[in-house]
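Trainee: I am new to this structure and would be grateful for a close look at a single part of it. Please then place that part beside other features of the chain.

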Amino acid sequence: MKYRINELFWSIQGEGANAGTASVFVRFSGCNQWTGRHVDRPKGFADCARWCDTDFFHGEPVTHDKLVSRISALRQDAQLVVFTGGEPALQLTSELVEDVVALGLRCAIETNGTVELPRGDYWVTVSPKGGKHELLVTHGSELKLVYPQLGVQPPEVEALEFQHFFLQPRDNAPEHAAACLEYIRRHPRWRLSVQIHKHLGLR
């Protein structure tokens with residue numbers, strides 16, 4: 001089997017409950033919400049196509065064993081492997097999770113929740129985007145909602161079965177941070193997630 005990998009790198013997890021954790025990021029190519037090409041933003045299936053700032057368009061075919069080997073080369077520098085995208089659930093397999101756990105690393109996935117997840121022991125972060133595709137992953141470790149966005153509002157998801165609920169300011173804009181804080185003030189089950197890595201100039 002071959003995966004399509006956009007990039008693999010070391011950084012800190014900058015968001016959510018694992019913020020500050022030394023991590024290896026595996027960014028899969030491809031998404032089911034839009035193509036990743038700027039010219040296709042108006043054709044996206046969800047509001048995120050208008051403001052997504054992640055490059056997941058390009059990708060290198062990488063075999064399973066080669067990918068595990070690349071992750072293994074960084075395992076002494078990290079505690080966590082974060083599978084992200086694009087939409088990582090389009091490619092992530094139980095075998096990959098198992099082989100990374102066997103290296104002594106914890107695994108996490110950052111998904112929009114519209115694709116069923118493979119079996120395995122890993123941290124599940126769902127970031128709903130609304131739009132054309134139904135939300136299928138309705139329980140997990142944390143729900144991280146980019147706010148504000150047109151596709152989904154906090155009351156629509158706050159009854160789902162997650163351990164943590166985060167609002168994350170869209171585009172790191174001060175006015176969006178203020179909107180998050182105001183919502184959290186009135187709904188204290190939610191917590192603020194900021195993209196620490198971007199404030200530090202990291203990937």
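Mentor: Val-157 has its place in helix H4, which covers residues 154–157. The model is a predicted one. Val-157 has a relative accessible area of 2%, and because buried means under 20%, this residue counts as buried. Along the chain, Val-157 and Phe-45 are 112 residues apart, and 19 Å separates their C-alpha atoms.

For a contrasting case, consider Leu-200, in the segment that follows helix H6 (196–199). Its relative accessibility is 55%, so Leu-200 is classed as exposed. Leu-200 also belongs to a nonpolar surface patch of about 470 Å². The other residues that make this patch are Leu-181, Leu-192, Val-194, Ile-196 and Leu-202.

Helix H6 leads on to another feature, since H6 supplies at least two residues of the lining of the largest pocket. That pocket has a volume of about 880 Å³. Its lining comprises 41 residues, and those nearest its centre are Glu-15, Arg-27, Asp-53, Thr-54 and Gln-195. By character, the lining residues divide into 13 charged, 16 polar and twelve nonpolar.

Several other elements also supply at least two lining residues each, including helix H1 (48–51), strand S2 (22–28) and strand S5 (106–111). Strands S7 (139–147) and S8 (161–169) do so as well. Strand S1 (2–12) gives the most, with four residues.

How values were computed: Residues numbered from 1 in each chain as written. Predicted model: local features only at pLDDT ≥ 70, side-chain atom pairs only at ≥ 80, totals over all residues. Heavy atoms only, no water. Patch = residues over 30% accessible without salt bridge, like charges linked within 9 Å, V, L, I, M, F, W, Y side chains within 5 Å. Areas by Shrake-Rupley, 256 points an atom, 1.4 Å probe, with all protein chains shown as cover. Salt bridge = Lys/Arg side-chain N within 4 Å of Asp/Glu carboxyl O. Buried < 20%, exposed > 50% of the residue type's maximum accessible area, 1.4 Å probe, protein only. 1 Å grid on protein atoms, 1.4 Å probe; cavity = no way out; pocket = protein on both sides within 12 Å on 5 of 7 lines; lining within 4 Å. Points joined across faces, edges and corners; volume = space filled by probe spheres on them. Nonpolar A, V, L, I, M, F, W, Y, C, P; charged D, E, K, R; others polar.
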